[in-house]
Amino acid sequence: MVFRSKGAAVAAAAAVALGAGAWAWSARSGSAPAFDRRADQNVLLVTIDTLRADALGSYGGPARTPNLDALAARGTRFDFAHAHAVLTRPSHASILTGLYPYEHGVRDHSGYRMKPGTPTVATMLKRSGFATGAFVGGVPLERRFGLDEGFDVYDDRFGRTGNASDFTMAERPAGEVVEVALKWIGAQQGRWFAWVHVFDPHAPYTPPPPFDTEYAGRAYYGEVAYVDSALGPLFKAAGSAARPTVVVVTADHGEGLGDHGELTHGLLAYETTLRVPLIIGRLTPDTTHDVGRVSHFPARHVDIVPTLLDAVSADVPSTLHGRSLLPGAPLPPDGDVSSYFEAMSAMLNRGWAPLQGALSGHEKYIDLPTPELYDLAEDPREETNLVDRRADRRRVLEARLQDFHAAPPGERFTESPEMAARLQALGYTSGSAPRKTKYTEDDDPKNLMALDQWIQQGIEAWQHGRHDEALQIYRRIIDRRPSMAIGYRNLAFLQWQNGQARDAIRTLERAFRAGAVEPAMTTQLGSYLADAGRPADAIALLEPLVAVEHPDPDAVNALGIAYARANQPERAAAAFKRALDDNPANVQALENIGTLEMQRGDLPAAQRALEQAAAIDPRSARAHNGLGVIAMKTGRPDEAFTQWKRAVELSPNDFDALFNLSMELDAAGRHEEARPYLERFTREAPPAQYAPDIARARRLLQR
Ligand SMILES: [Zn+2]
């Protein structure tokens with residue numbers, strides 16, 4: 001994913017040392033205490049996003065994680081557990097269904113949702129009489145992507161969605177997720193299954209106090225420590241419930257933190273991102289029989305569904321690949337266990353080679369133009385590629401990978417023949433990065449990580465106000481790899497933010513001509529066209545995009561804006577309403593309704609929508625700006641100034657609010673108060689968009 005930001009890479013923690021001899025001991029040792037399998041207990045699944053196994057205290061990591069460590073001390077901690085994908089949605093789909101990505105169909109974030117009707121562990125437990133609730137913390141898991149199958153309640157309220165101008169994703173802090181989960185759990189009379197997903201360790205790394213100062217300079221670990229503290233009340237409540245609670249904690253994937261040249265995750269599949277923590281235990285008020293164990297068995301995400309079903313004595317569908325990991329369950333020798341993994345994002349979005357691989361026992365094979373083979377028992381950091389030295393092992397692992405018969409990713413759901421036809425009519429070709437029949441070393445992701453670092457550097461330069469440098473970096477990326485969509489997408493975005501609307505549109509048109517396009521770029525182009533006075537073109541582009549069952553809410557909002565610009569307020573209102581029907585917490589839809597109603601002169605309706613937006617997302621600068629305009633129009637200047645000051649403080653780039661504030665303060669005779677805002681406006685507002693306003697502000701300052 002691209003939306004990451006700030007914080008430079010944190011130095012990686014030392015991987016947990018695994019002596020070769022350590023493999024001898026495993027969960028199947030005969031002395032393992034039996035797990036009390038019975039139907040009358042609750043089930044709690046906790047997924048911590050972007051959590052490297054070696055970050056946790058119990059795994060020898062630098063983050064202080066007493067709650068998770070206590071859980072590990074009571075249950076089984078797996079120190080060789082793996083995901084099947086290195087992105088949030090594909091990986092969670094595997095955790096919840098027990099299926100590999102090529103089976104559940106979620107191969108990337110952009111353009112993939114779970115096949116409707118795919119049974120999840122919630123479906124199965126619901127059938128056994130459990131109440132089912134999901135509480136998720138980050139936007140990749142919004143309900144519309146289909147992971148809500150089987151849940152009575154799917155709580156995905158994050159406030160603002162989509163990418164803001166600072167390249168971050170919508171999320172809500174772990175504390176808030178836990179709070180809504182606890183409320184739901186507290187209301188249950190019978191047995192329940194709760195899935196709690198917390199997003200905090202995902203970039204940007206911005207832990208709240210006191211973790212920000214305690215982990216200064218290594219903020220990633222501060223996020224991990226914060227998450228642990230936020231989960232404390234959840235484990236406490238589950239542990240004191242009338243029934244015992246079976247609990248499984250894992251991560252969807254880890255984080256590169258600079259190892260192997262990867263800062264975040266999603267492009268490569270080294271142990272830094274593929275290996276995950278996995279803790280299985282049982283929470284009861286009585287802790288006398290607890291014996292903490294460490295298992296070196298090759299555990300996989302596909303084993304989680306069978307494990308949870310086994311714990312409550314429910315039938316495990318024979319179609320699942322996984323097996324129960326509970327103590328006492330029969331386990332094969334490590335060498336007989338294999339696992340599939342992939343990283344498709346780089347192929348789908350950037351035109352790089354697809355990454356697939358297999359684990360067999362403690363060996364790992366990565367199938368790329370330059371293939372890689374590691375013996376993880378001896379080389380857990382993957383420093384020595386054995387592919388040329390152990391031809392026999394290579395053949396064995398290649399065969400294991402082939403045994404999965406993993407199909408390549410299907411088409412993205414946003415691509416329809418009608419869409420393609422519309423794009424062609426407008427002179428564009430549609431689609432994702434073109435797939436090649438043969439990928440070479442030049443397409444191997446590990447050889448292209450410098451480009452990924454440039455992408456990060458561009459974002460960082462932008463965030464620190466070095467706009468020209470950021471634009472230059474993205475031009476360089478396009479020159480170096482013209483087939484890569486993200487170069488155009490980010491360049492266009494920054495040009496747009498800089499007030500260079502035409503340049504932004506030209507950049508996107510270049511991308512379409514080069515066939516270097518991601519689905520979101522059609523929405524991006526549509527919204528720029530609407531804003532740049534070409535609403536008819538925007539409507540032609542966006543209408544087919546929303547003529548699907550689960551449209552991208554950004555596309556629906558962009559289409560509404562295009563209608564509004566084309567003087568079709570009824571259609572605009574209908575579009576915003578649709579976005580709101582799909583997600584009542586869609587802040588952008590509420591902001592847009594506020595703007596539309598203001599244009600139509602219905603100030604009370606505008607006020608209602610904007611107040612709702614500000615209630616859901618108190619950090620909405622647009623809502624505060626709009627509320628300021630209404631206050632001024634209805635004769636409440638002091639309230640207007642308060643609202644605008646808030647907007648300017650929340651979003652230093654909201655030049656509309658800054659302009660309103662400085663002009664109206666000045667007009668009210670409060671010249672001294674207006675001066676710093678006027679100065680800031682003349683200094684920072686992009687001339688391409690605000691030239692006449694800047695001139696006006698200058699005149700006021702010279703007076
Ligand atoms: Zn994730």
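**Close-up views of a predicted model**

**View 1. Strand S7 and its two neighbours.** In S7, Leu278 is the bridge partner of Phe78. This is a predicted model, and that pair makes a handy starting point. Strand S2 (residues 76-82) and S7 are antiparallel, paired over five bridges. Strand S6 (residues 245-251) also runs antiparallel to S7, and here six bridges join the two. Look for Thr245, which stands opposite Leu283 in S7.

**View 2. Is S7 covered or open?** Mostly covered: nine of the nine residues in S7 (residues 275-283) are buried. Pick a face and you get the same story, since both faces of S7 are covered. On one side sit Arg275, Pro277, Ile279, Gly281 and Leu283, and all of these are buried. On the other side Val276, Leu278, Ile280 and Arg282 are buried too.

**View 3. The largest nonpolar core.** This core has 121 residues, and the ones touching the most other members are Val43, Ala194, Val196, Val247, Ala269 and Leu308. Which helix gives the most to this core? That's helix H7 (residues 219-239), with twelve residues. A second, separate core has 86 residues, including Ile455, Val587, Ala621 and Ile694. As a bit of background, nonpolar side chains tend to be buried together in soluble globular proteins.

**View 4. Zooming in on Val247.** What does Val247 touch, leaving out residues up to four places away in sequence? The list is Leu44, Val46, Leu71, Ala238, Gly281, Arg282 and Leu283. You've met Gly281, Arg282 and Leu283 already, as buried residues of S7.

**View 5. A four-stranded open sheet.** The strand order here is S10-S11-S12-S13, and the pairing is antiparallel. Strand S10 (338-343) and strand S13 (372-375) are at the edges with a single partner strand each, so one side of each has no neighbour in the sheet. From one strand to the next, the twist averages 15°. Strand S12 (residues 363-367) pairs with S13 over four bridges, in the antiparallel sense. To find your way along that pair, spot Glu363, which stands opposite Asp375 in S13.

**View 6. A helix lying across the sheet.** Helix H11 (residues 391-403) lies across S10, S11, S12 and S13. Against strand S11 (355-360), H11 runs at about 110°.

**View 7. Two cis peptide bonds in one loop.** Which residues does a cis peptide bond join here, with omega at about 0°? One bond joins Ala203 and Pro204. Another cis peptide bond joins Pro209 and Pro210, again with omega at about 0°. Pro204 is in the loop between strand S5 (192-198) and helix H6 (211-214), and Pro210 lies in the loop between S5 and H6 as well.

**View 8. Leu257 and His405, with positive phi.** Leu257 has a phi near 50°, a positive value in a residue other than glycine. You'll find Leu257 in the loop between S6 and helix H8 (271-274). His405 isn't a glycine either, yet has a positive phi of about 50°; His405 lies in the loop between H11 and helix H12 (417-425). Buried or exposed? Leu257 has 24 other C-beta atoms within 10 Å, so this residue is buried. His405 has 8 C-beta neighbours inside 10 Å and therefore counts as exposed.

Definitions and conventions: Residues numbered from 1 in each chain as written. Predicted model: local features only at pLDDT ≥ 70, side-chain atom pairs only at ≥ 80, totals over all residues. Core = buried A, V, L, I, M, F, W, Y, C linked by C-beta atoms within 7 Å. Buried ≥ 20, exposed ≤ 12 C-beta atoms within 10 Å, placed from the backbone. Contact = placed C-beta atoms within 7 Å. Pairing = 2+ DSSP bridges. Axes fitted to C-alpha atoms, helices over the stretch in contact; angles between N-to-C directions.
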